Amino acid sequence: MRHRAPQMSPPKSIEFRRRWWCPTTAVVLAAVVLTVMANPAAADPQTNVLNKGCSLYNATNLSNFYTNLNNTFSNLRSQLFGANMKFATAQQAIGSDPVYAMAQCRDYLSTADCVACFDTAAVQIRNCTGANGARVIYDGCFLRYESSTFYDQTTLPGNVGICGNDTESQPTAFQTAAQGLLTNLETATPRINGYFAAATRAMAGGGTVYAVAQCAQTVSQSGCLGCLQVAYGNIQSCPPDADGRAVDAGCFLRYSATAFFGANQTTNITPFLGGRSRNKNAIIGGIVGGGGCLLLIIGLILLYHYHQSRYAAPRGKTIEASELQGPKNFSYRDLKSATKNFNKENKLGEGGFGDIYKGTLKNGNIVAVKKLVMGTSRVKADFVTEVKLISNVHHRNLLRLLGCCSKGPELLLVYDYMGNGSLDKYLYGELRGTLNWKQRFDIIFGTARGLSYLHDQFHVTIIHRDIKSSNILLDDEFQPKIADFGLARLLPNGQSHLSTNFAGTLGYTAPEYAIHGQLTEKVDTYCFGIVVLEIISGRRCNDFNAVEAEPVTDYLLEQAWKLYDDGMHLKLVDEILPGSNGYTDKAAKKIIEIALMCTQMPASSRPTMSEVVMLLSDRPTDLMQPARRAFMDNNKRVPDDTSSTTGSSTSNAAASFTEYTSR
């Protein structure tokens, strides 16, 4: 059987930065055993192993780890068996060695078969002993656990297509029917509640193709679509082989010439096929530049497009997720023309990194062009390395880097254009009062997920260092996109008069970083907490504004803590919110307390951003009460500056670079 071991590269834990899945070569440890289901009516949990793997790193406290693991597995089984569910998540996130787990069965399995498949997976996954992450994927189900949250992951490097050995007797007819059915499932499944569909298609001349598509229920609709697009690209060259599977972090796609689900278990996908389009822009995550702008991109995102091209892999061979898009570079002349010579009328904003302009490319696409005010030779040398890194970062809550230009008088970055601009203008700017409660919560939750990805799910840890309302952009649906991640280390010395020892904005920056230069992921947690308070209150963090009729003489954070101490923290809520779009006092109280937890001192008392995501979710979680922090004296504060992104000293930049890339 032709196959290549998949390597779905799950996220790193907070404590351990690991390379998945093979103990010796950092590729997948996997075994593939594929069989055809000859009798789908018979009880069968379909435990054919498609993929399995263990983390290279063990938990630190094995006793605590096994307790957490056992509890999560017990919880998962109870949901699958007692609640008759086919998808479940569970977590023990408080304390050392947290465990986040997910299980999913194919919807056509009976409850008994689903639980049997889960039990088989639970036994097999324990062969990883004390590994702080592992997964097992079968035809009928999968089980995965991690030391940090991974529930919204969709496509990851190493996704794979697995083709069968046997070729159908009517190859042309089978190939046409199989590819058409898979294409329809790719389109319809993200639009179906529960993200699951089983369907069949008759072949010309007789015979039937059977296929299923499924996504994890915790991913977004667009994430499900993007994952299935990659999955289809992975197995579209398998037909006319009689069977094929595509395995990825957030989805599963399978077809066969033999029935593997009952005739009464099919889904009518016809109503969900209207307006089908591939929407390539939705899954392209970056552009590989040439010359001075060699931008890398996650191969799996481009795999679908690669195999749509004339370079399609020969039929039947395993498809690897390692192809890169060809050389691409934005010329300075084109970007100058797109922005009308960087005309001030096209200016979108400015910050510590430089001015941002709206541009219209020759193909009509609208982009945002950032001119970096970084003219030193050191910065230019670092530029290519930096954009290589950040162009590989793909998450729906992170602003997408399209490309760059390093051949010209300025260094330029080209991003997706966000028509709704930055969050700050909706909180205390010209559009104040236009965000309802649901929109504000979605912005909080999306920002938390983006930071969790940067800290724990990318292959290196990225600490933003300058999370603030003006660095959170909003798309057409008011979903947040974190901007300027990964750029702080490019700042030259002496960029700002405020400090040359840290890169951040006073008022948002954690005290341990602003005062002592102590940089960890918890610096971003602190900044996030400040932004949440701004979102809830509609106040700028460093303004002396009024919450009620009386003037407020404290900065926002101090005011929030004082109201919390008096049990009156709901008075912090923006007066336009109560009674609108699902607002409740209970929900607002929870959000404020999470924000205060994020601003606790010392930094070790703050939750990780992965824990914050769990606290914000609807899943039951133990919410610890925030502990009172110490304040800086008002008279000793340094006033904030609107262009307050600051430079980092050479020593700090070197230290952070080591921290940034070595994990």
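**Exercise 1. What is the volume of the largest cavity, and which residues lie closest to its centre?**

*Solution.* The largest cavity has a volume of about 120 Å³. Its lining is made of 16 residues, and those closest to the centre are Ile137, Phe142, Asp248, Ala249 and Cys251. The model is a predicted one. In total, the structure holds three cavities of 30 Å³ or more.

**Exercise 2. Characterise the lining of the largest cavity by class and by strand, then say where the cavity lies.**

*Solution.* Step 1: sort by class. Nine lining residues are nonpolar, three are polar and four are charged.
Step 2: look for strands. Four of them supply at least two lining residues each: E4 (134-138), E5 (141-146), E8 (208-215) and E10 (251-256).
Step 3: bring in the domains. Both domain 1 (49-146) and domain 2 (161-271) contribute to the lining, so the cavity lies between them.

**Exercise 3. Compare the span of helix H3 with the expected value, and find how many of its residues are buried.**

*Solution.* Step 1: take the length. H3 covers residues 171-188, which is 18 residues.
Step 2: compare the spans. From first C-alpha to last, H3 reaches 26 Å, close to the 26 Å expected at 1.5 Å a residue.
Step 3: check burial. In H3, 13 of the 18 residues are buried, which leaves the helix mostly covered.

**Exercise 4. How many salt bridges are there?** **Take three pairs and decide whether their residues are buried or exposed.**

*Solution.* The count is 16 salt bridges. For burial, the cut-off is under 20% relative accessible area.

Pair 1: arginine 144 bonds to glutamate 146, with the closest N and O atoms 3.0 Å apart. Arginine 144 and glutamate 146 are both buried.

Pair 2: aspartate 466 and lysine 468 form a salt bridge at 3.6 Å, N to O. Aspartate 466 has a relative accessible area of 3%, so it is buried. Lysine 468 is at 8%, so it counts as buried too.

Pair 3: glutamate 512 meets arginine 606 at 2.8 Å, N to O. This pair links distant parts of the chain, 94 residues apart. Glutamate 512 sits in helix H10 (residues 511-516), while arginine 606 is in the loop between H13 (585-598) and H14 (609-616). At 7% relative accessibility, glutamate 512 is buried. Arginine 606, at 2%, is buried as well.

**Exercise 5. Which residues are joined into one network by salt bridges that share partners?**

*Solution.* The network consists of Asp139, Asp243, Arg245 and Arg254, joined through shared salt-bridge partners.

Note on methods: Residues numbered from 1 in each chain as written. Predicted model: local features only at pLDDT ≥ 70, side-chain atom pairs only at ≥ 80, totals over all residues. Heavy atoms only, no water. 1 Å grid on protein atoms, 1.4 Å probe; cavity = no way out; pocket = protein on both sides within 12 Å on 5 of 7 lines; lining within 4 Å. Points joined across faces, edges and corners; volume = space filled by probe spheres on them. Helix = DSSP H or I, 4+ residues; strand = E, 2+ residues; numbered from the N terminus. Nonpolar A, V, L, I, M, F, W, Y, C, P; charged D, E, K, R; others polar. Domains from an automatic or database assignment. Expected span 1.5 Å × (residues − 1). Buried < 20%, exposed > 50% of the residue type's maximum accessible area, 1.4 Å probe, protein only. Salt bridge = Lys/Arg side-chain N within 4 Å of Asp/Glu carboxyl O.
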